[in-house]
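Here are my notes on this one, jotted down as I went through it. Have the viewer open while you read.

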Amino acid sequence: MIAEVDKDTCIGCGACPEFCPEVFKMEDDGLATAYTNPVPSEVEDAAKEAEEGCPVDAITVK
Ligand code: F3S
């Protein structure tokens with residue numbers, strides 16, 4: 001699985017690192033990035049929760 005954050009869509013709400021800090025983190029620009037790819041199998045469910053939990057659908061995990 002590969003996780004991506006569309007920075008043009010992210011509003012910096014900060015939810016995704018709460019769901020899955022192993023894959024998502026906030027950067028100095030105030031927006032999220034997916035810094036662990038491919039997504040480790042043991043956190044795939046958490047990464048999908050982050051995808052579903054993003055309020056602006058900026059995350060793709062597939
Ligand atoms: Fe941005 Fe969505 Fe994460 S708005 S900070 S990608 S939950």
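How do the residues of the shell around the ligand divide into nonpolar, polar and charged?

1. **Ligand shell.** To take that question straight away: the shell has 12 nonpolar residues, 2 polar ones and no charged ones. Keep in mind throughout that we're looking at a predicted model. There are 14 residues around the ligand, and the ones that come nearest are Cys 10, Ile 11, Gly 14, Cys 16 and Cys 54.

2. **The cavity.** Searching the whole structure turns up 1 cavity of 30 Å³ or more. Its lining is made up of 14 residues, with Cys 10, Cys 13, Cys 16, Ala 32 and Cys 54 closest to the centre. As for volume, the largest cavity comes to about 90 Å³. And what takes up that space? The ligand does. The lining divides into 12 nonpolar residues, 2 polar and no charged. If you're clicking through residues here, Cys 10, Cys 16 and Cys 54 are good ones to start with, being among the nearest to the ligand and also among the closest to the cavity centre.

3. **Nonpolar core.** Which residues touch the most other members of the largest nonpolar core? Those are Ala 3, Val 5, Cys 20, Val 23, Phe 24 and Ile 59, out of 19 residues in the core. At least two residues apiece come from strand E1 (3-5), E3, H2 and strand E4 (59-61). H2 gives the largest share, with 3 residues. As general background, nonpolar side chains in soluble globular proteins tend to be buried together.

4. **The loop between E3 and H2.** I'd have a look at the backbone here. Asn 37 and Pro 38 are joined by a cis peptide bond, with omega at about -5°. Pro 38 sits in the loop between E3 and H2. Pro 40 belongs to that loop too, which runs between strand E3 (32-34) and helix H2 (44-53). Is Pro 40 buried or exposed? Neither: its relative accessibility is 26%, so it counts as partly exposed. Across the chain, the C-alpha atoms of Pro 40 and Glu 22 are 8.5 Å apart, with the two positions 18 residues apart in numbering.

5. **Asp 57.** Another backbone point: Asp 57 is not a glycine, yet its phi is positive, at about 55°. You'll find Asp 57 in the loop between H2 and E4. It counts as exposed because its relative accessibility is 62%, and the cut-off for exposed is over 50%.

6. **Phe 19.** This residue is part of helix H1 (residues 15-19). Why does Phe 19 count as partly exposed? Because its relative accessibility is 36%, which falls between the 20% limit for buried and the 50% limit for exposed. The C-alpha atoms of Phe 19 and Val 5 are separated by 14 Å, and the two residues are 14 apart along the chain.

7. **Glu 44.** Moving on to helix H2, Glu 44 is found there. With a relative accessible area of 25%, Glu 44 is partly exposed. Although Glu 44 and Ala 3 are 41 residues apart along the chain, their C-alpha atoms are separated by 9.5 Å. Ala 3, you'll recall, is one of the core residues that touch the most other members.

Notes
Residues numbered from 1 in each chain as written. Predicted model: local features only at pLDDT ≥ 70, side-chain atom pairs only at ≥ 80, totals over all residues. Heavy atoms only, no water. Helix = DSSP H or I, 4+ residues; strand = E, 2+ residues; numbered from the N terminus. Buried < 20%, exposed > 50% of the residue type's maximum accessible area, 1.4 Å probe, protein only. Near = heavy atom within 4 Å. 1 Å grid on protein atoms, 1.4 Å probe; cavity = no way out; pocket = protein on both sides within 12 Å on 5 of 7 lines; lining within 4 Å. Sits in = over half its atoms within 2 Å of the grid points. Nonpolar A, V, L, I, M, F, W, Y, C, P; charged D, E, K, R; others polar. Points joined across faces, edges and corners; volume = space filled by probe spheres on them. Core = buried A, V, L, I, M, F, W, Y, C linked by side-chain atoms within 4.5 Å.
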